[in-house]
Amino acid sequence: MFSSWKKGPHANIEIHKPAYKKYIEKSGFQVLAAILLLVVAVVAFKYFVRADGPQIILNTLTLNKGSLDVVKRSTLITQTDELVRDTGNRKISGDWKELSACVASGCKNNQYFNFIITVTENQNVPNSDLILNLFRTYKYWNSAEDIVDFSKALTEVNNAVDSLGSRALTKAWGEIVKCNGQCSNSDELYFEMIRAIVLESAQE
């Protein structure tokens, strides 16, 4: 997480047992193995199939726009709160509590950025490296002291965009590069780029 913005030896004696005991023990082991396999499958399904992370990010981006009426905004906040609770992640829950507290009055862009970073780092979000490197370019764009970190992050983003071959991603990234950290709407360009990344991942 960017804290500020301008960042497990055993015995070898073998004792033979009656065949029926071996069978019972073998059967018991098989049952235990089957149960463990089922538990692992359930966890894997929840982690890989139930992709709460991307939806939380999309909801966050929509909230940031501030264009919803009070009913639609309340519905979206309620949905997002349920998704956040379903993650069972304390860090995400804590950051969401802080963000939701300022939505009505207007959160700063960095608060939205920090929450998206937390979700990306703690959930199964496709292209997470791309999203995090994108944030690194945002953080270091005009910092002469961090030119190496900035250059690495920018190169990684540029290569990832080229590799994905998405027209929407290429266009959004092109706008950010053209802006070169000087545009008044730089934050909005980054929000659009994040949206493009998440939506592109949903189509893969």
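1. Across the protein the pLDDT averages 84, and 76% of the residues score at least 70. This is a predicted model, and a first reading should therefore begin with the predictor's confidence in each residue, which is what pLDDT expresses.

2. Confidence varies from element to element: helix H1, which covers residues 19-49, has the lowest mean pLDDT among the elements of the protein, at 56, whereas helix H4 has the highest, at 97. Two stretches deserve particular caution. Over residues 7-17 the pLDDT stays under 50, and the model has six contacts beyond four places in sequence for this stretch. Over residues 41-49 the pLDDT is likewise below 50, and here too the model has six contacts beyond near neighbours in sequence. Where pLDDT is low, the predicted coordinates should not be read in detail.

3. The pairing of helix H3 (residues 70-87) with helix H4 (residues 90-100) can be described more fully. The axes of these helices come within 8 Å and cross at roughly 155 degrees. Because angles over 145 degrees count as roughly antiparallel, H3 and H4 are roughly antiparallel to each other. The crossing of H3 and H4 is left-handed.

4. Which residues of H3 and H4 meet? From H3 come Ile 77, Thr 80, Asp 81, Val 84 and Thr 87, and from H4 come Ile 92, Ser 93 and Trp 96. Sorted by class, this contact of H3 with H4 has four nonpolar residues, three polar residues and one charged residue.

5. Thr 87, which lies in helix H3, is worth following beyond the helix pair. With a relative accessible area of 16%, Thr 87 is buried, because the cut-off for a buried residue is under 20%. If residues up to four places away in sequence are not counted, Thr 87 touches Asp 52, Ile 56, Ile 92 and Gln 123. The C-alpha atom of Thr 87 is separated by 9.6 Å from the C-alpha atom of Val 119, although these two residues are 32 residues apart along the chain.

6. A second threonine, Thr 137, has its place in helix H6, which covers residues 128-140. Is Thr 137 buried or exposed? Its relative accessibility is 0%, and Thr 137 therefore counts as buried. Leaving aside residues up to four places away in sequence, the residues that Thr 137 touches are Phe 150, Ala 153, Leu 154, Val 157 and Tyr 190.

Definitions and conventions
Residues are numbered from 1 along each chain as its sequence is written. This is a predicted model: local features need pLDDT of at least 70, side-chain atom pairs count only at pLDDT 80 or more; totals for chains, interfaces and linings use all residues. Side-chain values use heavy atoms; hydrogens and water are left out. Axes are lines fitted to C-alpha atoms, for helices over the stretch in contact, and angles run from 0 to 180 degrees between N-to-C directions. Helices (H or I, at least four residues) and strands (E, at least two) are DSSP runs, numbered from the N terminus. Angles under 35 degrees count as roughly parallel, over 145 as roughly antiparallel, 65 to 115 as roughly perpendicular and the rest as oblique. A crossing is left-handed if the near helix is turned anticlockwise from the far one by less than a right angle, and right-handed if clockwise. Contact means heavy atoms within 4.5 Å. Ala, Val, Leu, Ile, Met, Phe, Trp, Tyr, Cys and Pro count as nonpolar, Asp, Glu, Lys and Arg as charged, and the others, Gly among them, as polar. Buried means under 20% relative accessible area, exposed over 50%, partly exposed in between (1.4 Å probe, protein chains only). pLDDT is the predictor's confidence in each residue, from 0 to 100.
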